[in-house]
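Me: Could you take a close look at one part of this structure with me, the disulfides? I'm in my first year, so please walk me through slowly.

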Amino acid sequence: MTFNGAAINNSTLNNFYGGSSTAHQGICDPTFDKKSTKKNPYACGVSSLNDCYDLTIIRGDNIEKVSVEDENGNIISTDSRTIFGIPVTVEVSNPKTARAQIIQVRLPERVENRPGDIIDRVKTTLNPYRGASIPMKGFLEPNVAGDGKLLFLRANAGTSVFYEDSTGKRVATRSDNVYLYNEQNSDSDASNDFAACDVQQWTSQSIRPLSHAPYDDSINKKFGFAMQLFRDTEGDVIAETQPIGTYPWIDKNADNISITSIGYDLVERSNKKNEIVDSRVTSSECFTDIDKCSTGDEAQDGGILNGRVIIGLWTRGKMVLLDNLINNIDYSLNGTDAAHRLIDLYDSGSPIRVGNGRDNDEDNHPLASSGNTTFIDSNEHRFNYFKNTMRPVTPADVSWLVSSGRGTHELAFDDYLNPNSFINANMAQVIDLRPSGLRAIVEDTVQNTATGGRLLAPVVAGRAPLISSSEWRVPRYGQLLPSRGIKPRVEPIANGGINGKGLWIKEQGQGVSFRIPEQSNERAAQFMQGTLYYGLFIDQRDKNIPGDKRLVTYSDGSSISIQMGKTLVFKDPSNNVVGTYLIDEPILRNPDNTPIDNDYGWVHLGFQVSAKASSTEILTFVDGYPVDMLTVDQPLFRLHAGGNIIIGAGDRSETQFIGWIDDFKVFAQELNPEVACNMANGTIAGIGSEANSRWTEWSNTVDNTLHRIIDNYVNRDVNASNNIMDLTKYVCYLDNTGDLTANLGNIPADLVSVRDSINFPEGPLFFDRPRPDSSNNAFCTSCHTEDGLDGLDLEALKLRENVFAINDERRQPMQPDPFVYGVVPANWVKSFFNINNAAVGTAANPVCIDEFDLLRADEDSEFTCEPHANE
């Protein structure tokens, strides 16, 4: 890029504006400050045909030492980083089209170098772009979130942060992840607020460690990520002085933050090449010729820079280690062929190529990549009006496309948002946060990502935080059960499971056990007389070996086993058979309708257990669809406080289950048919009159009484389409032969999606009608609760009779932002319901996306679109 013929690069910025090439830089956009009149982009250029963005480049430089009061009240001198904010204007031609390009970046007036007493004006307080010098040793990955006033960054792990804790005591902690926020912005008098992106607001007194955020009264009622106490992967409260991870990323509304948590070596860090240090691997070979192969020192970074976790509003304050391609590998091997290794990890004997764990050498990366595999980013929900290209297709209600320097994955939040999620085992590890800031995997465990047991911020000094009686106390983790000293294996790579990592069990007695904590009286009663859903994926081996192979053992001793890969066996605590079900539906098939090999293939099993005083009903789901209802005249399949629920590990009288297990989930609620199908990675679809024989043949094997369970959920009011009105039979449309092989975006034309009809029967949304009342919708109230925070309360679901949806600041999670600014081309988005004319959006008169992205109820309706603060 050029400006008046001069290159715009680090050298230009360093010499004439401020900052250093040794520091990272970020961009701040004032648009998201609800009080700001600056809304990007705006029309500019010849005939106002282009878009312009007024942004601020946030930079840092190591200029001077600063004095700071330490935890003992002494004034000490320490390193600092001076913040600079450089306003820039970016001009884009052919905006919001495939032909868009940046044609100019305009910088402000230079701060010239001049001889004399002031050798370098760029580094003095005379520089109008200079902010304060902050006591820290680094300035890396700056993120400005929320309203342009909350700055996150890496300060370097050697930085000591001095501040007053929640009790008012002066303390010190070493923290790499820090934030800066000026308390003046939280003053009740809005006139005291700094402008968004103004670097003058971040002072030497503003810096805090990330762990302090839920204890910080200036932000814990304002930003969603800090509204609940942080908890580690075991559910324990994270102290406000605890260093937490590195490489921060935060979403634009400051609701959720992601950091790294693990990372370790595959081979010995030396000039050797294949001396293994991971006991899970039996051998390692170079992927390239041995003479071209990197040594252990060259191939591995050695930092704790893998293992992305997310924590904040949408995980109810709990740290969750993510699965699948975002965490493709635990090892720190870099991205070059020379660093990659072939490892023996599976009984098949075929070596697996591993690599691309941690690499920040830009020369190794494709053009236009981030240049660092540890970075992540997401467009969140912002471009979801591009339904055919940028909207996630995972069957979930809250899902984002998330990209790292290694790949892109769809991240669904539904289970983390649900307070009735009791066990959610994605077969990733538990993480130990150590006081030093180091992180390590807790051996012989798998994490429980269920988020019950949350604790609300702020904390009252000197008083232990209390858990509400309505909260479930969830199991801390899953304990791996060994057999003769041989443990089940948690994978170091995201490969064996249905979604990323899986758990392999083989030896007699192996399994995983979750201990059930004590519950409040309110919750304990639901164990005895209530409905719970249990689900898991299995990929079984040696199916033809006779015998009962234990899948689930409940804390009352009752159990569910499988015979010959196809007969489910239900037993009471005395091992008496109380029911069986033969899986004879023709569902274990490839997309071309050929049978899957008998020894391989993922199957999802779900069991909705309704406990009565003296009886039990078990609704069985196979691959997300109800196929059998069993009633037993005794109370069985119960959970008891102090007991365990065990996966695998049958008693010695049974044959051991051999194979993969993944995504074991327990919900302390009844799931509707669509959500039960989602558990199997599918979505419910009706079988139309012209349906392919594959669907009709399958549906005919299911009793009509079970189809009616679905049918009873399908809404057929005046807004229902004709193709829904005639449906009587359904399928759970899925294909687990690959990731997202079947998804919301490729439902066959001969099937009719009924997802919205089940989950949102009061819908659809019309922009020229009020948002319908969802306060009695059980699907919605599985996330929205009476004590929900920041839009997750019940108020978000209530009807506002006199407010059209187009003017309602409340948004469903997958709706894009309500306003578009700058030049909007005619017929802009092909998937719009209503064609848009060419327009220009301004702060006073934005283009309201709902007018085109939502249905219109009445072609003659009268409406206005009013700017509002979307909070």
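Reply: Let's begin with the term itself: a disulfide is a pair of cysteine sulfur atoms within 2.5 Å. Keep in mind that what you're looking at is a predicted model.

Searching the whole structure turns up 5 disulfides. If you count the bonded cysteines along the chain, they pair up as 1-4, 2-3, 5-6, 7-8, 9-10.

Let's start with C28 and C197. Their sulfur atoms sit 2.1 Å apart, so the pair meets the 2.5 Å cut-off. The link is left-handed, with -80 degrees about the S-S bond. Now find the two ends: C28 is in strand β3 (residues 26-28), while C197 is in the loop between β15 (177-180) and β16 (207-209), so this disulfide ties together parts that lie 169 residues apart in sequence. Are these ends buried or exposed? C28 has 1% relative accessibility, so it counts as buried, and C197, at 5%, counts as buried too.

Next up is the pair C44 and C52, whose sulfur atoms are also 2.1 Å apart. Here the torsion about the S-S bond is about 85 degrees, so this disulfide is right-handed. Both C44 and C52 are buried.

Now scroll along to C677 and C732, which are joined by a disulfide with an S to S distance of 1.9 Å. This link is right-handed, with 90 degrees about the S-S bond. It connects distant parts of the chain, since C677 belongs to helix α5 (residues 673-678) and C732 to strand β46, 55 residues apart. C677 is buried, with a relative accessible area of 0%, and C732 counts as buried at 10%.

C732 is worth a second look, as it also has a place in a set of paired strands. It is the bridge partner of I684, which brings in strand β45 (residues 683-687), where 5 of 5 residues are buried. Strands β45 and β46 (residues 730-733) run antiparallel and are joined by 4 bridges. β45 also has 3 bridges to strand β47 (residues 751-753), again antiparallel, and in that pairing G686 is matched with V752.

Finally, which cysteines are in no disulfide? C780 is one of them: the nearest cysteine sulfur, that of C783, is 8.5 Å away. C783 is in no disulfide either, with the sulfur of C780 as its nearest at 8.5 Å. C780 is buried, with a relative accessible area of 14%, and C783 counts as buried at 19%, because the cut-off is under 20%.

Key. Residues are numbered from 1 along each chain as its sequence is written. This is a predicted model: local features need pLDDT of at least 70, side-chain atom pairs count only at pLDDT 80 or more; totals for chains, interfaces and linings use all residues. Side-chain values use heavy atoms; hydrogens and water are left out. Buried means under 20% relative accessible area, exposed over 50%, partly exposed in between (1.4 Å probe, protein chains only). Two strands pair if DSSP finds at least two bridges between them.
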